[in-house]
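Me: I would like a close look at one part of this model, the surroundings of a bound ligand, set out carefully and in connected prose.

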Amino acid sequence: MPRQKFPRFHAGMSSNVVKAASPLASAVTGAMELSVAQWLLVVCLVAFPLLYEWSVSFKYFCKMAFYNGWILTLAILAIPICAVRGRNVENMKVLQFMLLHIKYLYGIKIEVRGWENFNIKEPYVVVSNHQSSLDLLGMMEILPSRCVPIAKRELMYAGTAGLACWLAGVIFINRKKTDDAISVMTEAAETMLKEDVRVWVFPEGTRNHSGSLLPFKRGAFHLAVKAQVPVIPVVMSSYKDFYCKKERKFTTGKCTVRILPGVHTKGLSSDDVPELADRVRGMMLEAFSQMSSERPGKGPGGVH
Ligand SMILES: CCCCCCCCCCCCCCCCC(=O)SCCNC(=O)CCNC(=O)[C@H](O)C(C)(C)COP(=O)(O)OP(=O)(O)OC[C@H]1O[C@@H](n2cnc3c(N)ncnc32)[C@H](O)[C@@H]1OP(=O)(O)O
Ligand SMILES: CCCCCCCC/C=C\CCCCCCCC(=O)OC[C@@H](O)COP(=O)(O)O
């Protein structure tokens, strides 16, 4: 004879009794039924917002991780769209369009001054200061049409972002091999004229958040002199009020981007490059200090 199976209702019955008795006890019983994984999830869901609001560093890491992760994700969408055209500077418009909203996500207000200085039909070289990877926001705000940045070669290997950059015609240079970098930039001078392309260079050659400008590398100026095209300096104001890598600070804030009048290079030769580079750096430093002193409640001493 098959053994009769009795429904095992004892546990259920007792919990029903408890549930009826008190909602608190019911919650406790419910919690006791959670698996370890569910417990971990609950702890994370509670701890994350608390930690995010309480710790400035945690907030900084989350915001930076999301910034990079979001760009890598957007690049997944951008790649097939760009791939239709193949490697083409027009693809930079796709990247620009897809990146423009990020400033809203981060509550960064960008004010642009000097738009009229970009009203030049011929190709030119844009040179700008380089504080952090957040420069991408200011860059995308004003990027002229058919303009490609020069970037360190390592960026090409940054997963989907690297591929998207390559498809958009970003010029990669190997900073460890000066001769290679120079020959890539010499080729760029020819391409600028032949294909009506503008080039964006960070003449400091690396990120610098010291509150001033590093000495300029000369590649951008050789490039402009070789192509005999103007150099247009662009200055992004200090991020210090809302972003500081050292202090792990990243809040909302405002950045001013100033496009300065172009500096002509017609008739200049490579001998004139050091003087040209110094002159442009002087203009940018002056604009940078001026913008810093305009910050509400801050004198020029506010910049370190
Ligand atoms: C929706 C999805 C989106 C996904 C992705 C989104 C991304 C969107 C795209 C955005 C990309 C943004 C990328 C930003 C990345 C920024 C960077 O990577 S910055 C770092 C790279 N850039 C630079 O380094 C540019 C500035 N550097 C230079 O110009 C340098 O001069 C150099 C050419 C790299 C060489 O540097 P170095 O080796 O340090 O040597 P120098 O001392 O500067 O020069 C030595 C010597 O050579 C002369 N010289 C330099 N350049 C030239 C030249 N073109 N022609 C001739 N001669 C040159 C120089 O004058 C020196 O000689 P001198 O006698 O001492 O004067
Ligand atoms: C599967 C591989 C995953 C790789 C993950 C890489 C994460 C990067 C993700 C997104 C890239 C965002 C593009 C940001 C563009 C800005 C680049 C930038 O600012 O480069 C710094 C360079 O100018 C100077 O470098 P150094 O200061 O000399 O150092």
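How far does a polar side-chain atom of R207 lie from an oxygen atom of ligand 2?

Reply: The distance is 2.7 Å, between a polar side-chain atom of R207 and an oxygen atom of ligand 2. This is a predicted model, in which local features need pLDDT of at least 70 and side-chain atom pairs count only at pLDDT 80 or more, while totals for chains, interfaces and linings use all residues. Residues are numbered from 1 along each chain as its sequence is written, chains are lettered from A and ligands numbered from 1 in the order in which they are written, and side-chain values use heavy atoms, with hydrogens and water left out.

R207 belongs to the group around ligand 2, which also includes N68, I71, L72, H130, S133, K152, A158, G159, R175 and T206; a residue counts as near if one of its heavy atoms lies within 4 Å of the molecule. Two further polar contacts (pairs of N or O atoms within 3.5 Å; within protein, one must be able to donate a hydrogen and the other to accept it, and residues adjacent in sequence count only if both atoms are side-chain atoms) can be set beside that of R207. A polar side-chain atom of R175 lies 2.9 Å from an oxygen atom of ligand 2, and an N or O atom in the side chain of K152 is 3.0 Å from an oxygen atom of ligand 2. Taken on its own, ligand 2 has 760 Å² of accessible area (Shrake-Rupley method with a 1.4 Å probe; for residues, only the protein chains shown count as cover), and the protein covers 66% of it.

K152 leads on to ligand 1, since it appears in the surroundings of ligand 2 and is also among the residues that come nearest to ligand 1, together with T178, K217, R218 and K226, out of 31 residues around that ligand. A polar side-chain atom of R218 lies 2.7 Å from an oxygen atom of ligand 1, and a polar side-chain atom of K226 lies 2.8 Å from a nitrogen atom of ligand 1. G219, by contrast, offers a backbone N or O atom, which lies 3.0 Å from an oxygen atom of ligand 1. Of the 1,300 Å² that ligand 1 exposes when taken alone, the protein buries 80%.

As for the chain, an automatic or database domain assignment divides the protein into domain 1 (16-53) and domain 2 (55-293), and the C-alpha centres of these two domains lie 49 Å apart.
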